Amino acid sequence: MTRLRKLGAVATATASAYGSVLFLHSSLVSAGDNGGGSPLEALRKKVHDPGAVVPAREAQQSALKAAGKSNPLDVLVIGGGATGSGTALDAVTRGLRVGLVEREDFASGTSSRSTKLLHGGVRYLEKAVFNLDYGQFKLVLHALEERKQVIENAPHLCHALPCMTPCFSWFEVVYYWMGLKMYDLVAGRQLLHLSRYYSTKESVELFPTLARVVNDRSLRGTVVYYDGQMNDARLNVGLACTAALAGAAVLNHAEVVSLLKDDDGKRIIGARIRDNLTGKEFDTYAKVIVNAGGPFCDSIRKMANKNAQEMISPSSGVHIILPDYYSPEGMGLIVPKTKDGRVVFMLPWLGRTVAGTTDSSTSITYLPEPHEDEIQFILDAISDYLNVKVCYSCQYSLLFLHVFSPLIFSEELVWREHNDDV
C-alpha cells in the first residue's frame, strides 16, 4: 500500500452482480514513476470509467495458461486474501505481469473473519511507551497512516467509528484519557477525530446498555476515541477486482496442487493449478512466486521443500453476533482489560452487534469451529459491563473463527521489501 501511494495509484473496488464500482485516488505522483506516469494515468481513467468491467473468468484463466516457459509471468501470487490481493495490486501497478490464484473464493478465509476494525494499534503504543520499544512505536505510526489511507480510498466500505472505554476509578479516567490523547498526538495529520472524556450521565446516554456498577465499582465516566471500521470481505474483493482491471490475471477456485521446478530441480519456475470448478489442471510459469496462503502457507512451503520446518503458530479468535440493542448504532464499546486480563469489545455491524474476542492456540483446519467455552467466555465478559441480560440463546449466530499468526505477514512481505525494483 505504501508503494501504491508513491506511484499515485491507490485503488479499491467493490464488485456486485452487475459489475464493479471503483475509486482511484492520486497522491505524490512522480514523473519518473513507471514511465513518466502515463500507464498509471491510463489505469486511473480506466477504473473511473462507469462502464469498466472485470474480465470474465475464461479470459483470466486463458491469461494464466498463456504464461509458459518462454513467456512467464513476472509474479504469481498464491492466496486471494487481503495480503495476496494487495500484493497483486501492488505488483501490477508497478508494470509487472501478475497472476493471482485462490483455492476458495476471495476473502473466504481469515480476511473475512476479522474484527472489522482499522485500528492504529493503541495497545502497541502502550507497549512502546512502557517498554521503550521503538519498533512498536514505528508499527503504530505505520498503522495509523494506513488506516487513514484506506478510509480515504474506500469511503464506501470504511468509516471512522467512536469507541467507548469505560472507567471505574478516577485513576482509570486519567490513565485512559492521557493514553488516548497520546494516541491522538501520534496520529498527527492521520487523526480521525479527537478523543474526549464523557461523564457518567453522558456515557449512559450515548451507550444506554452500559452498566453503572461493575463488581461493586461505580462508573466514573468513559473516554471515547476513534478508530476505523471496514467491510473487510468487500474491501478484499475490491482489491482483487482492481488488480484484475489493472491487468492482473485473477482467478478464484483455483488451487495450486504442486510447484514446478527447473531441470536441475532447484529453482521454482511455476505452479500446477487445478480449476476446482471443472477439475481440470494447467501449468502457469512465473519468475517469482509469492506465498500469501495465510495460515496455510506452510503447506505451500512444503511443496517446494517437503522437509521445510513449519513456521506458523496459528491462533483462533471467536466473535459472536448479538441483537442490535446491545450496542447503539455508531458507537462501539472496548474494555481494555477484563478480570482475566483479556480485551473484549462490542461493535455495531450491519444492524447487529459483534462481540468478542478470544485468542487461543488452535490447529489449522479449512472450516474451524468455535468451542463452547470460548463462546461462554465472551458472553460472561460482556455481561459484566451491560445492564441487560446476556445469555447463550440471545446470540444470532457465530461469526468469524479467525486463524492467524503474525509470522504469516513477515514471510509474505519478504519479496516486497527486497525486490522493490524488480
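Student: Strands here are DSSP runs of E with at least two residues, numbered from the N terminus; so where is the place of Leu350?

Tutor: In this predicted model, Leu350 sits in the loop that runs between strand S17 (344–349) and strand S18 (352–356). Its phi is positive, at about 50°, although Leu350 is not a glycine.

Student: Ok, and what sign of phi do most residues other than glycine have?

Tutor: Most of them have a negative phi. Leu350, with its positive value of about 50°, departs from that pattern.

Student: Is Leu350 buried or exposed?

Tutor: Leu350 is exposed, because its relative accessible area is 67% and the cut-off for that class is over 50%.

Student: Which loop is Lys116 found in?

Tutor: Lys116 belongs to the loop between strand S4 (98–101) and strand S5 (117–118), and it also has a positive phi, of about 70°, without being a glycine. Lys116 is buried, however, since its relative accessible area is 3%.

Student: Switching to charges: how many salt bridges does the count come to?

Tutor: The count comes to 14 salt bridges. Side chains of opposite charge can pair when their charged atoms come close. One of the pairs is Arg94 with Asp90, where the closest N and O atoms are 2.7 Å apart.

Student: Are those two buried or exposed?

Tutor: Arg94 is buried at a relative accessible area of 12%, and Asp90 is buried as well, at 1%.

Student: What about Lys148, which residue is its salt bridge with?

Tutor: Lys148 pairs with Glu152, and their closest N and O atoms are 3.9 Å apart. The two residues are four apart in helix H6, so about one helical turn separates them. Lys148 counts as buried at 18% relative accessibility, whereas Glu152 counts as partly exposed at 42%.

Student: And Arg301, what is its partner in a salt bridge?

Tutor: Arg301 bridges to Asp298, with a closest N to O separation of 2.7 Å. They are three residues apart in helix H10 (residues 297–304), and therefore about one helical turn lies between them. Arg301 counts as partly exposed at 22% relative accessibility, while Asp298 is buried at 7%. Elsewhere, Glu255, Arg272, Arg274, Glu281 and Asp283 are joined into one network by salt bridges that share partners.

Student: Now helices: at what angle do H6 and H7 pack?

Tutor: Helix H6 (residues 134–153) and helix H7 (residues 170–187) pack at about 70°, and their axes are 10 Å apart. H6 is therefore roughly perpendicular to H7, and their crossing is right-handed.

Student: And what about H4 and H9, how do they cross?

Tutor: Helix H4 (residues 82–92) and helix H9 (residues 232–246) cross at roughly 25°, with axes that come within 8 Å. That makes H4 roughly parallel to H9, because angles under 35 degrees fall in that class. The crossing of H4 and H9 is left-handed.

Student: Last one, which residues make the nonpolar surface patch?

Tutor: Val129, Phe130 and Met182 make a nonpolar patch of about 290 Å² on the surface. Phe130 is part of helix H5 (residues 122–131), and it counts as exposed because its relative accessibility is 58%.

Technical notes. Residues numbered from 1 in each chain as written. Predicted model: local features only at pLDDT ≥ 70, side-chain atom pairs only at ≥ 80, totals over all residues. Heavy atoms only, no water. Patch = residues over 30% accessible without salt bridge, like charges linked within 9 Å, V, L, I, M, F, W, Y side chains within 5 Å. Areas by Shrake-Rupley, 256 points an atom, 1.4 Å probe, with all protein chains shown as cover. Salt bridge = Lys/Arg side-chain N within 4 Å of Asp/Glu carboxyl O. Buried < 20%, exposed > 50% of the residue type's maximum accessible area, 1.4 Å probe, protein only. Axes fitted to C-alpha atoms, helices over the stretch in contact; angles between N-to-C directions. Parallel < 35°, antiparallel > 145°, perpendicular 65-115°, else oblique. Left-handed = near helix turned anticlockwise from the far one by under 90°.
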